[in-house]
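Colleague: Could you take a close look at one part of this model for me? I would like to hear about the place where the two chains meet, and about the charged pairs there and elsewhere.

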Amino acid sequence: LHGCAPVWLEIMKWNGWGYSDSRFLFNKKGQAEFTGKRYRLSGMIIPGLKDWFEGTFGANLQHKTPPTPLLTNTAVPPATLNEAFVEEVKSTGIPFSHDAEDRVFRAHGHCLHEIFALREGKIGRVPDMVVWPSCHNDVVKIVQLACKHNVCLMPYGGGTSVSSALECPPEETRSIVSLDTSQMNRILWIDEKNLTAHVEAGIVGQDLERLLNESGYCTGHEPDSMEFSSLGGWVATRASGMKKNIYGNIEDLVVHIKMVTPQGVIEKSCQGPRMSTGPDIHHFIMGSEGTLGVVTEVTMKIRPMPEYQKYGSVVFPNFEQGVACLREVAKQRCAPASIRLMDNEQFKFGHALKPQVSSIFTSFLDGLKKFYITKFKGFDPNHLCVATLLFEGNREKVLQHEKQVYDIAAKFGGLAAGEDNGQRGYMLTFVIAYLRDLGMDYYVIGESFETSVPWDRVLDICRNVKARIIRECKDKGVQFPPLSTCRVTQTYDAGACVYFYFAFNYRGLSDPVHVYEQVEHAAREEILANGGSLSHHHGVGKLRKEWMRDTISNVGMGMLKSVKDYVDPNNIFGNRNLL
Amino acid sequence: SVLLYYPMLKKRDDFEDILEERRTSSDLRYALRCYTPVLYKGVTPCKTSVLKSMVLQSDQLHYVINQVSKESGRAADDVREEASAILEEMAHSLQLSTVRFFAFMLSKVFKTLFRSICVNEEGIQRLQQAIQEHPVVLLPSHRSYMDFLLMSYILYTYDVALPVIAAGMDFMGMKFVGEMLRMSGAFFIRRSFGGDKLYWSVFSEYVKTMLKNGYAPVEFFLEGTRSRTSKSLTPKLGLLNIVMDPFLKGEVFDVNVVPVSISYERILEESLYARELLGVPKPKESTSGLFKARKVLSEDYGSIHVYFGQPVSVRSLAEGRVNRCQFNLVPRHIPRRPSEEIQSFVNDSAYRLVRAQEENMVLKPWVLLASLLLQNHHQNRAAGQKPGMALDELTTQAVWLRDVSRQYGAFLHWPGTVRVQSRFYEHVFNVSLCVIAGEQGGPGDPRSTVTPEEELLSQAVVVLSCASYRNQMLHVFVRPALLASAIHIASSNQKQEVFNSFSFLRNMFSSEFILCPGATVQDFEEACYLLVKTGVLQVTQQEVLVTERGHRTLAFLTSMLDPFLQGYQVVCRFLCEEDTETLTEKQFIPAVRKVSLCFSVLSSDLQKNALAALQRLGAVRKIKGYVGFHHPCVPGWLD
């Protein structure tokens, strides 16, 4: 019964990020290029990448670390099947598989250690079976059978988790069944009077937007992973989208949720926009990370597609000024759909990813811009940083809004740096994950992680966490200085979301993944010590579990635990995330 | 928990004499040379006025001004004025020209006073490195007024960023000199400002602003004041709290603290200190006084050793000890009393840092000689024997003690051969020999007609001066000596028994020596480790046994504490015999002095420490400045 989603498997990499046809490589001339046709950068030569890559990491194109090319079935542990359960599933007609490839594909998210192991062909505990329900009722049946036969269920959406949430607990002795929601991908109805859409939870972000766009609507929810992540996953992790300033985060977008639990189906009886009926049960569901049940259907707010979109960018003399500007924008509550501030290292990184320019004229213009900023305005190229902006709305308002933001920026020494820089900044969001695979071909490993922090702490946390990463790498014997960089990706009234990127060349280390994990652990400790949160939107999974008690207090843990104990006393949803 | 560390395992750097070059090249050229220190992450130095306005505009000060204004009903502007005036009074105004002036003058003075000023260059290099990477705090030991000028002089010499120095207000009493010091980087703080919120907040914000931005290394004396006895003083925590705060609150990635050990062969204020300890009031700091003191220029003060220790990262000190999340829930600019966790962390760190200072103090041969002579003096007195010891016996013992000291980690500076002929050596021997000759009439003319009180005073001066040399090596032996005495007084060899005695003695002497509160077990282990390693003891699970060859060391160690034990005994006896139930602290010191025949008890330092100990042990109670006394609590063995 291999592959009820054969298409998906064939077009996706099994041991790296994204589509099989899209990847970075250094061609025979040593120039970097991005393959495929799917992205704006696809098929382009990126002349600056090689120098940046070698210079930043001390990497060398001669020193390669290619992945194991094919998955060998012998590396996959045999499936422990619960025969009675399998028989009953078979009788329901719901498709399932215990094919090794299907199981391995759903045994991981995209944490560094997970991908690193796959590239080495090392497979740990994987689900014993995959089921593909195609609607809510299928899920109800599967959950009932799972309870009846005491098998462990692990919901699987887009597989983009970066919290070890999809890792099978090695101590789990029951048969583990991966419940893949990918076939539940329909928009069931659109309500234009109330501007809502009722959608099955397995739909992935890009399909949801595309389908809604056909009717002239959008949700506006655009997490960086939206190509692959699913609606159910967003709900289960409390996701956040790039354009939350206009559309809100997932908790603002959701009107109604239906979830199947071992105790039955949980849902509200109406779709009132706000209710005062005790604690909001949606908040038990959102962020439950698959520990309570499977989200099957969601009613979401929708908006008419924006009439006009405009990118923009601002260069600041230094990161401090940039943060001060973002703070002011947040204070005046005039943040555009998206506003992101990259630090100097990331600015340089972005610069290195500039594709080959087609005409002498453009390169001349680029030179002129550079001259203007560094020589005429006196910005130090080793300090300046860039904010990227995205405005949305009707044309007139966008232009007005744009002016307001640029005026504020000017007060903090910011210079408008053009639409093109802005657009490229956002395009990079989607290709950056592909870059990690390139790094891993040449001894470079890395990852990003995020936090949210009050405004007065933003600068301190950025400085301290970056410094801690550098210090820890040195202490742990990393031979080359690491890349340690950050950006502010979201603004709120009372604080901001900060992303850290961290990568290093691991030549000379015997256990690079362990070193990586130690450094990331230290960085998280540093984040917490500096008043940052455990996670802004990636979630806790198993990776950050150890800090949960300190984060939400003993009583908080007790509350969550008692909910789990009531909803799922036999731990059918046994992925052991969160608690 | 406090980390165990064994000083004997440390390797020390070599010294270089910075006066050598001064004696061969022009001081003027030296004072005018190009001075380009490297600063923290390449920041540019900040003008005094900019610094002041940063302080006045800080969130913290803003908050406190409003708070004070609300509480006192004064207008906020009025309070702001006051804050600004406090800052004016406090702030340094470092000027390179003044520094150059001092560089010139001090070169002349130092060359006259000292044979050499030896500095460990590697320490300077480490400091340079630290300054570039993190805000730096310099913590020199404090034995003389000379210390901070000396520090700045050395840093200027090596082209290291000049520090700003916390100085007591006393200096401001000195016309002109006060201002000169201000222009060489000193900032002035009042000796006590207990409840003055505004003052405290201006002060702490001022220090933090300089530190956080890395404008200059901040220098202060952990001991708070000059030690008159050459023993390190119990550290004061106020400023250490302030400089650690920016790290704990995440405002900087780290702060590096550099302990600096300044060892004088002979302290300028030597005889002043002994008199001060005996109750002759300290002369008030004044410019004319300074001028009068110029006669010291004609004397030989030997050499100075300045050792810049390993920079200590506050981050690594705090690792696993302080939960920095405690600042997450209140805005960081709102002043709050430090939590107990932080108080104990700062306290432990302070002790560690003082120990780090002590550890790199350079000991000269006469420190050992003074110890031996004093011990001999005490023993002879106790036995009613004729004082004095033969020179070759002294030499033999000194060689023995040299080897023992090295084993215990002392940082000895031992010349190839002790040349007795030099003037300075004569001086030490004069002082020392007086101890021997003490009973027969003291130094100078034996036929002079002095009153018995004056004679006693001059003898006491000699003993206390001698003791101040001995005190320089106390830190090397204090833990083993406590253990030795504990073994001596314990009723059996049982380890627990010995530990109990050790713990009692340690508690009693915790104001006398640098012994970190709460680290009894670690200190006991350290003492055991040292004594076992040097073959003095065998320690089993149950018992503590003295080895055959250990007796000599053990006897030396016990006698080291003897004068202190005797002194405390005298104080106790006095309190027991005193008729009155209560007496004022002011009466206490002269009263004890009267009954005493033991020289060391004459020292007001010991008296105060003993009183503090008795208070801690619950034998004495303090009622608004009076000393109350519970008779039965004096432990029996003290009698």
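Modeller: Happy to; here is the contact between the chains, followed by salt bridges and one buried residue inside chain B.

A word on the ground rules: this is a predicted model, in which local features need pLDDT of at least 70, side-chain atom pairs count only at pLDDT 80 or more, and totals for chains, interfaces and linings use all residues. Residues are numbered from 1 along each chain as its sequence is written, chains are lettered from A and ligands numbered from 1 in the order in which they are written, and side-chain values use heavy atoms, with hydrogens and water left out.

Let me begin with the contact itself (heavy atoms within 4.5 Å). Chain B brings 14 residues to it and chain A brings 13. About 1,100 Å² is buried between the two chains, and carbon and sulfur atoms give 35% of that. Buried area here is the accessible area, taken with a 1.4 Å probe, that two parts lose on being put together, summed over both. On the chain B side, B:Phe253, B:Arg324 and B:Arg332 supply 47% of what that chain buries against chain A, more than any other three residues.

Now for the charges. Five salt bridges run between chain B and chain A, where a salt bridge is a side-chain nitrogen of Lys or Arg within 4 Å of a carboxyl oxygen of Asp or Glu. In one of these pairings, B:Arg332 meets A:Asp456, with the closest N and O atoms 3.5 Å apart. By class, the side of chain B that touches chain A has seven charged, three polar and four nonpolar residues. In that scheme Ala, Val, Leu, Ile, Met, Phe, Trp, Tyr, Cys and Pro are nonpolar, Asp, Glu, Lys and Arg are charged, and the others, Gly among them, are polar. There is also a network of salt bridges that links A:Arg468, A:Glu472, A:Lys476, A:Glu526, B:Arg315 and B:Arg324.

Over all chains, the structure holds 65 salt bridges. One of them joins the side chains of B:Lys208 and B:Asp245 at 2.8 Å, N to O. This pair links distant parts of the chain, 37 residues apart: B:Lys208 lies in helix α10 (residues 197-212) of chain B and B:Asp245 in helix α11 (residues 238-248) of chain B. Helices (H or I, at least four residues) and strands (E, at least two) are DSSP runs, numbered from the N terminus. B:Lys208 counts as buried at 8% relative accessibility, and B:Asp245 is buried at 14%. Buried means under 20% relative accessible area, exposed over 50% and partly exposed in between, with a 1.4 Å probe and protein chains only.

Another salt bridge, between B:Glu526 and B:Arg355, is 2.8 Å from N to O. Here 171 residues separate the partners, B:Glu526 being in helix α22 (residues 520-533) of chain B and B:Arg355 in helix α15 (residues 340-359) of chain B. B:Glu526 is buried with a relative accessible area of 4%, and B:Arg355 is buried with 15%.

Finally, a residue to click on: B:Val306, in strand β8 (residues 303-308) of chain B. B:Val306 is buried, with a relative accessible area of 1%. Not counting residues up to four places away in sequence, B:Val306 touches several others, including B:Phe15, B:Cys118, B:Leu150 and B:Ile262. Its C-alpha atom is 8.5 Å from that of B:Val362, a residue 56 places apart from B:Val306 along the chain.
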